[in-house]
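The following exercises are to be worked through with the sequence and the coordinates at hand. Each task is followed by a solution in steps.

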Amino acid sequence: MRKWEMVRLGDVASFNMGQSPSSDSYNNTGEGLPFFQGKTDFGIMYPTVRIYCTKPKKTADKYDILISVRAPVGTVNIATELCCIGRGLAAISQIENISNFKYLYYYLQYKENEIARMGVGSTFKAISKKDLDAIEIPLPPLPVQQKIADVLDRANALIEKRKAQLEKLDLLAKSQFIQMFDENYGTIELKEICSIITDGTHQPPKFVDYGIPFIFVSNIVNNEILYETNKYISEDDYKTLIKRTPLEIGDLLLTTVGSYGNPAIVKTTQKFCFQRHIAYIKPINEIVNTQYLHTAFLCDLVKRQIDRKVKGVAQKTLNLSDLKTIRIMLPPLHLQNQFAAYVEQVEAQKALIKQSLELMELEYKSLMQMCFNGELY
């Protein structure tokens, strides 16, 4: 194992802490600069443009490393063009003694959990410019930095191929939906086929160190529920909150603020509660199949309605009153059940790919550790 010189990030890079511009400068028409506010705008390596800003206060240049500095902390992406950054982000630029910006990107990705633990604050964890400045990074010779960036690029590309396979299977389910159901079937308002349509708690609960997971919009990923969180509530608070949202297997959650319109089915008896930015939908099983309804939310007929009904620009919101009036195509239940059986087969294929992906990601983490500990070069 080689020992490389460790330097403070502030000695080799400069930082530009984000600042949110006035809301009247936001738009979704493409006017101005792409505007990124935080981790919710991040993709796997590069951010996704959702809104634009005509009066930016702070910007990042192409190839700057964007790092989330508040709620949550430590996730990194790479700017692909000049962009505006809000207060949830900082840009790392003017990197010296580093041959490839991806070397630093991968190292910060490797240290994400450690950086996240640096966050302070009771409601929202955050890190400061001083914290960024103090992060230590290894500084191997420039050719070694390039080799590390190259090998991690190749490993990351293999992971992306696996993820692309999962996306294709998701498209397969949508394609089957379109083939089986057309708009000749009548539509009905969502409130007519559900016994409950509400949202999560409106009052910030008292968080505890351990207990029942409390999830946020960021826990709805790829239209599934992720229960990993650093926010927990007590059993007593859970019993109080669950009365409003009596969760059962087969219920549906839908994100309604920010990254809106993403559905996820409750598939386990795992106890949890959630914030008000997530809608809670309990389908009437004698009328509608949950899996059918889940896919309906992902198809154009419903997505177009949601896009028309959301309000706001920077913080797009789908109100419950509007959600209840979304019209859902309602074919006979036996056809819905046939579709659900097809999706179950697709999900079985996805499960195999996910197992392979999880193994690759573990190997990727091990490879990162070897790279940055000097065990390969």
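**Exercise 1. A loop residue beside a helix**

Is Asn289 buried or exposed? Determine also where Asn289 is placed and what surrounds it.

Solution. The model is a predicted one.

Step 1. Asn289 belongs to the loop that joins strand S21 (278-283) to helix H7 (290-298).

Step 2. The relative accessible area of Asn289 is 16%. Buried means under 20%, so Asn289 is buried.

Step 3. With neighbours within four places in sequence set aside, the contacts of Asn289 are Leu333, Gln336, Asn337 and Ala340.

Step 4. With one of these residues, Asn337, there is a polar contact between side chains, at 3.0 Å from Asn289.

**Exercise 2. Helix H10 and its end**

How many residues does helix H10 have, and what span does it reach from its first C-alpha to its last?

Solution. Step 1. Helix H10 covers residues 333-372, which is 40 residues.

Step 2. From first to last C-alpha the helix reaches 55 Å, close to the 58 Å expected at 1.5 Å a residue.

Step 3. After H10 comes Gly374, with a positive phi near 75 degrees.

Step 4. Lys365 is a residue of H10. Its relative accessibility is 55%, and exposed means over 50%, so Lys365 counts as exposed.

Step 5. Between the C-alpha atoms of Lys365 and Leu152 the distance is 9.9 Å, although the two residues stand 213 residues apart in sequence.

**Exercise 3. Two packings of helix H7**

At what angles does H7 meet H10 and helix H8? Which residues make each contact?

Solution. Step 1. For H7 and H10, the axes cross at roughly 80 degrees and come within 8 Å. An angle from 65 to 115 degrees counts as roughly perpendicular, so H7 is roughly perpendicular to H10.

Step 2. H7 contributes Gln291, Tyr292 and Thr295 to this contact, while H10 contributes Gln336, Phe339, Ala340 and Val343. Sorted by class, the contact of H7 with H10 holds four nonpolar, three polar and no charged residues.

Step 3. For H7 and H8 (residues 300-309), the packing angle is about 60 degrees and the axes are 5 Å apart. The two helices are therefore oblique to each other.

Step 4. Here the contact is formed by Ala296, Phe297 and Leu298 from H7 together with Asp300, Val302, Lys303 and Ile306 from H8. The classes in the contact of H7 with H8 are five nonpolar, no polar and two charged residues.

**Exercise 4. The surroundings of helix H2**

Why is helix H2 described as largely enclosed by the rest of the structure?

Solution. Step 1. Helix H2 spans residues 101-110, and seven of its ten residues are buried, so the rest of the structure largely encloses it.

Step 2. The buried residues are Lys102, Tyr103, Leu104, Tyr105, Tyr106, Tyr107 and Leu108.

Step 3. The N-terminal end of H2 is capped by Asn100, which has a side-chain oxygen 2.7 Å from the backbone nitrogen of Lys102.

**Exercise 5. Positive phi outside glycine**

What are the phi values of Tyr63 and Asn222, and where do these residues lie?

Solution. Step 1. Most residues other than glycine have a negative phi.

Step 2. Tyr63 has a positive phi near 75 degrees. Tyr63 sits in the loop between strand S6 (59-60) and strand S7 (65-69), and it is partly exposed, at a relative accessible area of 44%.

Step 3. Asn222, which is not a glycine either, has a positive phi of about 55 degrees. Asn222 is in the loop between strand S15 (220-221) and strand S16 (224-225), where it is exposed at 65% relative accessible area.

**Exercise 6. Two further loop residues**

Where are Lys267 and Pro246 placed, and which residues do they contact?

Solution. Step 1. Lys267 lies in the loop between strand S19 (263-265) and strand S20 (273-274). At 46% relative accessibility, Lys267 is partly exposed.

Step 2. Beyond its neighbours within four places in sequence, Lys267 contacts Glu224, Ile249 and Glu347.

Step 3. Pro246 is placed in the loop between helix H6 (235-241) and strand S18 (252-255). Its relative accessibility is 30%, and Pro246 thus counts as partly exposed.

Step 4. Pro246 contacts Ile196, Asp251, Tyr280 and Lys282, leaving aside neighbours within four places in sequence.

Technical notes:
Residues numbered from 1 in each chain as written. Predicted model: local features only at pLDDT ≥ 70, side-chain atom pairs only at ≥ 80, totals over all residues. Heavy atoms only, no water. Helix = DSSP H or I, 4+ residues; strand = E, 2+ residues; numbered from the N terminus. Expected span 1.5 Å × (residues − 1). Buried < 20%, exposed > 50% of the residue type's maximum accessible area, 1.4 Å probe, protein only. Polar contact = N/O pair within 3.5 Å; in protein donor to acceptor, adjacent residues only side chain to side chain. Contact = heavy atoms within 4.5 Å. Axes fitted to C-alpha atoms, helices over the stretch in contact; angles between N-to-C directions. Parallel < 35°, antiparallel > 145°, perpendicular 65-115°, else oblique. Nonpolar A, V, L, I, M, F, W, Y, C, P; charged D, E, K, R; others polar.
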